[in-house]
Amino acid sequence: NLIGVKLVIIKNTLWMVSEKIIRLIISVFISAIVARYLGPSEFGRLNYYIAILTIAVVLSSLGLNRIIVREVVDKIMSRRKRSIIVSTSLYLRLLASLLIWILLSFFFYVISSPQDSLNIAIILCSVVFISIDVLDYHQQGLSSFKIISICRTIGFLLSALVRIVFVSLDFPLIWFVSAVLIEYAI
């Protein structure tokens, strides 16, 4: 039984590490292509928008990520109680995401240029999709890392392909902002 547990841990670790390695290698190439295409100014603006998104993601998580994993791992808890925890977390995160989207969009509408505020509003829509990560943490609690890794990798690869298409078709910055939204939606 102990050997079986160790094998599961090793398999889960390999799935997570392989996903991270794939993402790292491909993102270096895609970032280089996009940076070269957009130029320093536009690429800097894109990263500025992504930094704002990162802050919004942290705020919208409400600190529930580890709680979800911990509670789902609890074998004594009934399936019904687990689903209540997961669904409640999802609703709380969706509500927090919508509030953060409204507040930050309004804030940047007031202090930024119209183009910047539009780009920020678009990229902040990703926060709503990130709320669905509750299901990801549920799967982590169940030790289903294979499913998580495959889904994340497919989503990332599709997003990378979208970015390459945008570069090849000579699309402006707003499309690359939308590509971030597309990645999180996938």
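A salt bridge is a side-chain nitrogen of Lys or Arg within 4 Å of a carboxyl oxygen of Asp or Glu. With that in hand, the present structure, which is a predicted model, can be said to hold 5 salt bridges.

A good place to start is the pair formed by R152 and E19, whose side chains meet in a salt bridge with an N to O distance of 3.6 Å. This pair links distant parts of the chain, as R152 lies in helix α7 (residues 145-168) and E19 in helix α1 (residues 2-61), 133 residues apart. The two partners can also be described by their surroundings. R152 is partly exposed, with a relative accessible area of 29%, whereas E19 is buried, with a relative accessible area of 3%. The value for E19 counts as buried because the cut-off for that class is under 20%.

Helix α1 comes up again with R45, a residue that takes part in a salt bridge with E42, where the closest N and O atoms are 3.0 Å apart. E42 and R45 are separated by about one helical turn, because they stand 3 residues apart in helix α1. For E42, the relative accessibility is 24%, so this residue counts as partly exposed. R45 is likewise partly exposed, with a relative accessible area of 24%.

R45 also has a partner from another helix. The side chains of D116 and R45 meet in a salt bridge at 2.9 Å, N to O. Since D116 lies in helix α4 (residues 114-124) and R45 in helix α1, this pair ties together parts that are 71 residues apart in sequence. D116 has a relative accessibility of 18% and therefore counts as buried. R45 thus meets both E42 and D116, one partner being partly exposed and the other buried.

A further group of charged residues completes this part of the picture. R23, R163 and E183 are linked in a network of salt bridges.

Beyond the salt bridges, H138 offers a view of another part of the model. This residue is found in helix α6 (residues 133-141). Which residues does H138 contact, leaving aside its neighbours within four places in sequence? H138 is in contact with I68, V72 and V86. The position of H138 can also be related to I85: these two residues are 53 residues apart in sequence, while their C-alpha atoms are 9.6 Å apart in space.

Note on methods
Residues numbered from 1 in each chain as written. Predicted model: local features only at pLDDT ≥ 70, side-chain atom pairs only at ≥ 80, totals over all residues. Heavy atoms only, no water. Helix = DSSP H or I, 4+ residues; strand = E, 2+ residues; numbered from the N terminus. Buried < 20%, exposed > 50% of the residue type's maximum accessible area, 1.4 Å probe, protein only. Contact = heavy atoms within 4.5 Å.
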